[in-house]
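User: I should like to learn how to read the features of a protein model step by step. Could you guide me through this one?

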Amino acid sequence: MAWTCPGTSERAPLRARLNRALAQVPAWPLYPLSVLPVAWLFWQGATGRIGIEPVEAVEHRLGLWALWLLLAGLAVTPLRRFAGINLMRFRRAIGLTAFFYLCCHVLTWAVLDVQGLAAAWADIVKRPYVTIGMAGLLLLVPLALTSWNGAIRRMGGAAWRRLHRLVYPAVLLGAVHFVMLRKGWQLEPMVYLALAALLIGMRTIPRDRQKAARR
């Protein structure tokens with residue numbers, strides 16, 4: 001009689017039921033829902049409910065939310081490969097929401113913080129952490145512009161996948177931007193940087209090891 005790991009037969013149907021349930025959840029509500037936290041955050045800032053430096057608080061929180069979502073997008077593939085949990089249908093919405101939050105983060109900085117394109121450009125040139133953060137955003141622009149089915153058909157799947165690997169350096173640059181922004185070796189930004197490196201590194205694990213890890 002073949003020996004099986006205790007609990008394996010129970011976990012597999014549970015994972016299958018979870019994936020079937022996730023397949024019934026549409027991804028499109030994430031787009032309008034993503035606007036609500038931004039509106040709520042700006043309302044808090046405008047009404048003085050977010051501290052004595054509302055512009056800085058809004059700016060930093062939007063950047064942090066964007067980093068969370070970028071890391072969540074990176075986690076989709078490892079979750080499917082190692083845990084068998086399929087969230088691929090939500091990855092595009094997660095990525096575009098992250099880009100939207102990043103754009104709001106940059107606009108808050110440029111319009112409300114430094115207050116002008118000239119001052120923003122001077123900051124980009126003068127401050128390395130701003131330069132790195134802007135470089136990460138620029139890497140995400142072609143990804144956002146090609147995150148639709150027609151772009152995949154026109155580019156071809158292989159070329160589209162190669163282009164979208166720009167997300168890896170973009171997320172790393174975002175995490176480095178956060179580390180430099182906090183000044184000094186603080187734990188929170190270092191955790192995000194380590195998590196980004198881990199999620200990217202997990203993609204290099206050979207397929208046979210992925211199957212062994214899942215078992």
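User: Which residues form a nonpolar patch on the surface?

Analyst: This is a predicted model, and every value discussed here is computed from it. To find such a patch, one looks for nonpolar side chains that lie close together and remain accessible. Here the patch consists of F42, L107, V111 and L112, which together have about 350 Å² of accessible area. Helix α4, covering residues 91-113, contributes the most, with 3 residues.

User: Is L107 buried or exposed?

Analyst: The term depends on relative accessible area, and exposed means over 50%. L107, located in helix α4, has a relative accessible area of 53% and is therefore exposed.

User: How does G201 count in terms of accessibility?

Analyst: Between the limits of 20% for buried and 50% for exposed, a residue is called partly exposed. G201 has 32% relative accessibility, so G201 counts as partly exposed. This residue belongs to helix α10, residues 187-201. The C-alpha atom of G201 is 9.9 Å from that of Y168, although the two residues are 33 apart along the chain.

User: Which residues touch the most other members of the largest nonpolar core?

Analyst: A core is read from its buried nonpolar residues and the contacts between them. The largest one has 36 residues, and L62, L71, W109, L140 and V171 touch the most other members. Helices α2 (30-46), α3 (54-83), α4, α5 (117-126), α6 (128-145), α9 (167-182) and α10 each supply at least two residues of this core. The greatest contribution comes from α3, with 10 residues.

User: What does L71 touch, leaving aside residues up to four places away in sequence?

Analyst: Setting those neighbours aside shows which other parts of the chain meet a residue. L71 touches V171, Y192, L195, A196 and L199. Apart from the largest core lies another, of 5 residues, including L22, A27, F90 and I94.

User: How many helices and strands does the chain have?

Analyst: The overall view begins with a count of the elements. The chain has 11 helices and 0 strands. Its C-alpha trace spans about 75 × 40 × 35 Å along the principal axes.

User: What percentage of the residues count as buried?

Analyst: One sets the buried residues against the whole chain. Of its 215 residues, 32% count as buried. The chain exposes about 13,200 Å², of which carbon and sulfur atoms supply 67%. Contacts can be read in a similar way: among those between residues at least 6 apart in sequence, 69% join residues at least 24 apart.

How values were computed. Residues are numbered from 1 along each chain as its sequence is written. This is a predicted model: local features need pLDDT of at least 70, side-chain atom pairs count only at pLDDT 80 or more; totals for chains, interfaces and linings use all residues. Side-chain values use heavy atoms; hydrogens and water are left out. Patches are made of residues with over 30% relative accessible area and no salt bridge: like charges are joined within 9 Å, nonpolar side chains (Val, Leu, Ile, Met, Phe, Trp, Tyr) within 5 Å. Accessible areas come from the Shrake-Rupley method with a 1.4 Å probe; for residues, only the protein chains shown count as cover. A salt bridge is a side-chain nitrogen of Lys or Arg within 4 Å of a carboxyl oxygen of Asp or Glu. Helices (H or I, at least four residues) and strands (E, at least two) are DSSP runs, numbered from the N terminus. Buried means under 20% relative accessible area, exposed over 50%, partly exposed in between (1.4 Å probe, protein chains only). A nonpolar core is a set of buried Ala, Val, Leu, Ile, Met, Phe, Trp, Tyr and Cys residues joined through side-chain atoms within 4.5 Å. Contact means heavy atoms within 4.5 Å.
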